[in-house]
Amino acid sequence: PAPLLAGYFAGLAHRDRRDGTSLRRETGIVSPDKGAVARASEVSRQYDLELVLAEKVRDPNDGKIVSTRVNCRHLASRNLLIVDDICDGGRTFIELARELRKITNGRIGLYVTHGIFSKGFGVFRGLIDEIVTVNLFPAAAEALNSAAPEDRRFVWCLPARNAGGRKIWRRPCRECTTGRMSCSPDGWKNRSSFASLPPRGH
């Protein structure tokens, strides 16, 4: 996932230069479980960001997940980006976000390479501030197009490159999620809403 997130972090760096902030440097990368450590570590190393490790706590009798544990100190207002390969219904990320809210009052984003989102996008409301994906499944794209505005506005897809070969950010629409790519974004620097939205609570 690290190369795919180049535009995301470039957007943070652009915001920092423009506003004199330090969003890029102060963003932490979160691994949601042991299976995602390699992916999250790759992103953490490439962009020189702190890695936060989480793990699922299972019932020893039946193996069912009973809770999520975050192995980290309090992060004050640090923004966090959860990194994984796929999101189906989202339970893992919902439970993780609840725990992350206990250690930071910053923004929490979710990056997944493949987005199924079988439970819709409303389930993340109030917990995850930004969803970024590369491959939005057709059913999820349809659901997003008919979702409430407050659910549509925080989902971003990275499905294409501009004429110069640079990756660009855009909101998913019927055209770009079905491969026709006919929508016209304003340019990658201004399309990362995670970088441009105010701190949580403002």
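Colleague: What relative accessible area does Glu26 have?

Modeller: This is a predicted model, in which local features need pLDDT of at least 70, side-chain atom pairs count only at pLDDT 80 or more, and totals for chains, interfaces and linings use all residues. Residues are numbered from 1 along each chain as its sequence is written, and side-chain values use heavy atoms, with hydrogens and water left out. Buried means under 20% relative accessible area, exposed over 50%, and partly exposed in between (1.4 Å probe, protein chains only). Glu26 is partly exposed because its relative accessible area is 37%.

Colleague: And what is the N to O distance in the salt bridge between Arg25 and Glu26?

Modeller: A salt bridge puts a side-chain nitrogen of Lys or Arg within 4 Å of a carboxyl oxygen of Asp or Glu. Arg25 counts as exposed, at 60% relative accessibility. The side chains of Arg25 and Glu26 meet, N to O, at 3.8 Å.

Colleague: Let's move to α1. Which residue forms a salt bridge with Asp19?

Modeller: Helices are DSSP runs of H or I, at least four residues, and strands are runs of E, at least two, numbered from the N terminus. Asp19 and its partner both lie in helix α1, four residues apart, about one turn of the helix. An α-helix has 3.6 residues a turn, so residues three or four places apart point the same way. With closest N and O atoms 2.2 Å apart, the partner of Asp19 is Arg15.

Colleague: Is Arg15 buried or exposed?

Modeller: Asp19, its salt-bridge partner, counts as partly exposed at 37% relative accessibility. Arg15 has a relative accessibility of 14%, so this residue counts as buried.

Colleague: Which residues does the salt-bridge network around Glu95 and Arg98, or the one around Arg15, bring together? Start with the helix: in which one do Glu95 and Arg98 lie?

Modeller: The side chains of Glu95 and Arg98 form a salt bridge of 2.8 Å, N to O. Glu95 counts as partly exposed at 32% relative accessibility, and Arg98 is partly exposed too, with a relative accessible area of 41%. As for networks, salt bridges that share partners join Arg15, Arg18 and Asp19 into one. Glu95 and Arg98 are separated by about one helical turn because they are three residues apart in helix α3.

Colleague: What span does α1 reach from its first C-alpha to its last?

Modeller: The expected span of a helix is 1.5 Å times one less than its number of residues. α1 has 14 residues, for which 20 Å is expected. Close to that expectation, α1 reaches 20 Å.

Colleague: Now the strands. In which sense do β1 and β2 pair?

Modeller: Two strands pair if DSSP finds at least two bridges between them. Ile29, for instance, has Leu51 in β2 as its bridge partner. β1 (residues 27-31) and β2 (residues 51-58) are joined over three bridges, and their sense is parallel.

Colleague: Which residue in the turn of the β2 and β3 hairpin has a positive phi?

Modeller: β2 and β3 (residues 65-71) run antiparallel, joined by six bridges, and one of the bridge pairs is Arg58 with Ile65. The hairpin has six residues between its strands. The turn residue with a positive phi, of about 80°, is Gly63.

Colleague: Which element supplies the largest share of the largest nonpolar core?

Modeller: A nonpolar core is a set of buried Ala, Val, Leu, Ile, Met, Phe, Trp, Tyr and Cys residues joined through side-chain atoms within 4.5 Å. This one has 30 residues, of which Leu100, Phe117 and Ile131 touch the most other members. Elements including β2, β4 (79-87), β6 (130-136) and α3 (91-100) each supply at least two residues. The largest share, five residues, comes from α3.

Colleague: Last one: how far is Leu81 from Val30, C-alpha to C-alpha?

Modeller: Leu81 lies in strand β4 and counts as buried because its relative accessibility is 2%. Counting contact as heavy atoms within 4.5 Å, and leaving out residues up to four places away in sequence, Leu81 touches ten residues' worth of neighbours, among them Tyr8, Phe9, Val30 and Tyr111. Leu81 and Val30 are 51 residues apart in sequence, and their C-alpha distance in space is 5.9 Å.
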